[in-house]
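Visitor: I've got a model to look over and would like to talk it through with someone. Could you take my questions one by one?

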Amino acid sequence: YEIKNNKKREVKANILKFSLLNKVIKAEGDTQTIITEGKTPVAVINADEQEYNVNTNIMTATGSVAIKYKDINAYTDKAVIHTDNKGDLRKIELIGRARIDQSKHHATAHHFIYEADKEQMTAMGDAVTTTVLENGKEFVLKANYQQYNRKQGIFIGNGNVRAWYDTYYAKGPKVVCYPDKVTNKPQEVFMIGRSTIKENEK
């Protein structure tokens with residue numbers, strides 16, 4: 001384990017290797033990394049293999065990766081996690097058959113990038129997002145590229161955009177969703193470019 005300020009990073013595995021020259025820790029077989037802040041677990045990472053570079057503060061997890069970060073659960077073939085010198089999260093990349101589950105929000109894509117300072121999530125490659133709204137109905141969005149900024153509450157989709165909500169179906173080159181100012185939930189949806197909206201047979 002490693003302790004920095006109030007944060008502790010603990011690694012468990014069947015085999016642990018440490019390179020004194022390159023300052024690289026490699027864990028193999030049923031690996032688990034637990035990051036705690038004080039006594040509270042902030043993130044738990046399980047994978048077949050994990051490698052942590054002390055110099056660059058980059059950890060790479062491969063094979064059946066499962067990550068629990070606060071209220072988010074993520075699953076992927078490979079994850080690259082960037083932290084700063086204090087141990088705070090800077091960026092997470094999920095690569096290959098990636099899925100994110102968060103309460104009423106679910107997303108899949110080939111590649112996710114989460115930037116902590118911007119509170120921004122980007123999904124690339126057959127991105128599909130499903131959100132359960134306040135009324136209990138699902139809003140489903142498919143696009144080649146999707147981006148959600150949590151600070152602004154703005155959601156953008158680009159490339160072969162298709163959207164489903166209740167009896168509505170829409171398609172077009174680009175979509176922008178703006179939140180309700182009170183609830184911060186999706187409220188207004190703008191289809192940009194040559195678009196089609198269908199309601200039942202209309």
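**Rings, cores and a loop**

Guide: Let's start with a ring: at 31% relative accessibility, tryptophan 164 counts as partly exposed. Keep in mind that this is a predicted model.

Visitor: What kind of aromatic pair do tryptophan 164 and tyrosine 169 form?

Guide: Tyrosine 169 is partly exposed too, at 26% relative accessibility. The two ring centres of tryptophan 164 and tyrosine 169 are 5.2 Å apart, with 45° between the planes. Edge-to-face needs planes over 60 degrees apart and stacked needs under 30, so the pair of tryptophan 164 and tyrosine 169 is tilted.

Visitor: And what about the rings of tyrosine 178 and phenylalanine 190, which class is that pair?

Guide: Their centres lie 5.7 Å apart. Planes over 60 degrees apart count as edge-to-face. The planes of tyrosine 178 and phenylalanine 190 are at 85°, so this pair is edge-to-face.

Visitor: How many residues apart in sequence are the parts that the pair of tyrosine 178 and phenylalanine 190 ties together?

Guide: Tyrosine 178 belongs to strand S13, which covers residues 168-179. Phenylalanine 190 sits in strand S14 (residues 186-192), so the pair ties together parts whose separation in sequence is twelve residues.

Visitor: Is tyrosine 178 buried, exposed or partly exposed, and how much accessible area does its nonpolar patch have?

Guide: Buried would mean under 20% and exposed over 50%; at 35%, tyrosine 178 is partly exposed. Phenylalanine 190, at 40% relative accessibility, is partly exposed as well. Together with Ile192 these two form a nonpolar patch on the surface, and the accessible area of the three comes to about 270 Å².

Visitor: How many aromatic pairs does a search of the whole structure find?

Guide: We've met two kinds so far: the tilted pair of tryptophan 164 and tyrosine 169, and the edge-to-face pair of tyrosine 178 and phenylalanine 190. Searching the whole structure gives a total of three.

Visitor: Moving inside, which residues touch the most other members of the largest nonpolar core?

Guide: In soluble globular proteins, nonpolar side chains tend to be buried together. Here the largest nonpolar core has 26 residues, and strands S5, S6, S7, S8, S9 and S10 each supply at least two of them. Leucine 94 gives a feel for the packing: leaving out residues up to four places away in sequence, it touches residues including Ala74, Ile100 and His111. The members touching the most others are Ile67, Leu94 and Phe112.

Visitor: How many residues are in the other core, the one with Leu133 and Phe139?

Guide: That core lies apart from the largest one, and Phe155 and Ala163 are also among its members. Its count is eleven.

Visitor: Is threonine 36 buried or exposed?

Guide: Threonine 36 lies in strand S4. Beyond its neighbours within four places in sequence, threonine 36 is in contact with Asn6, Lys7, Lys8, Pro41 and Val42. Its relative accessible area is 15%, and the cut-off is under 20%, so threonine 36 is buried.

Visitor: Then how far apart in space are lysine 39 and valine 65?

Guide: Lysine 39 lies in the loop between strands S4 and S5, and is exposed at 83% relative accessible area. In sequence, lysine 39 and valine 65 are 26 residues apart. From C-alpha to C-alpha, their distance in space is 24 Å.

Visitor: Last one: what share of the chain is buried?

Guide: The chain has zero helices and 15 strands, and its C-alpha atoms fill a box of roughly 65 × 30 × 25 Å along the principal axes. Out of its 202 residues, the buried share is 36%.

Technical notes
Residues numbered from 1 in each chain as written. Predicted model: local features only at pLDDT ≥ 70, side-chain atom pairs only at ≥ 80, totals over all residues. Heavy atoms only, no water. Core = buried A, V, L, I, M, F, W, Y, C linked by side-chain atoms within 4.5 Å. Buried < 20%, exposed > 50% of the residue type's maximum accessible area, 1.4 Å probe, protein only. Helix = DSSP H or I, 4+ residues; strand = E, 2+ residues; numbered from the N terminus. Contact = heavy atoms within 4.5 Å. Patch = residues over 30% accessible without salt bridge, like charges linked within 9 Å, V, L, I, M, F, W, Y side chains within 5 Å. Areas by Shrake-Rupley, 256 points an atom, 1.4 Å probe, with all protein chains shown as cover. Salt bridge = Lys/Arg side-chain N within 4 Å of Asp/Glu carboxyl O. Phe/Tyr/Trp six-rings, centres within 6.5 Å; stacked < 30°, edge-to-face > 60°.
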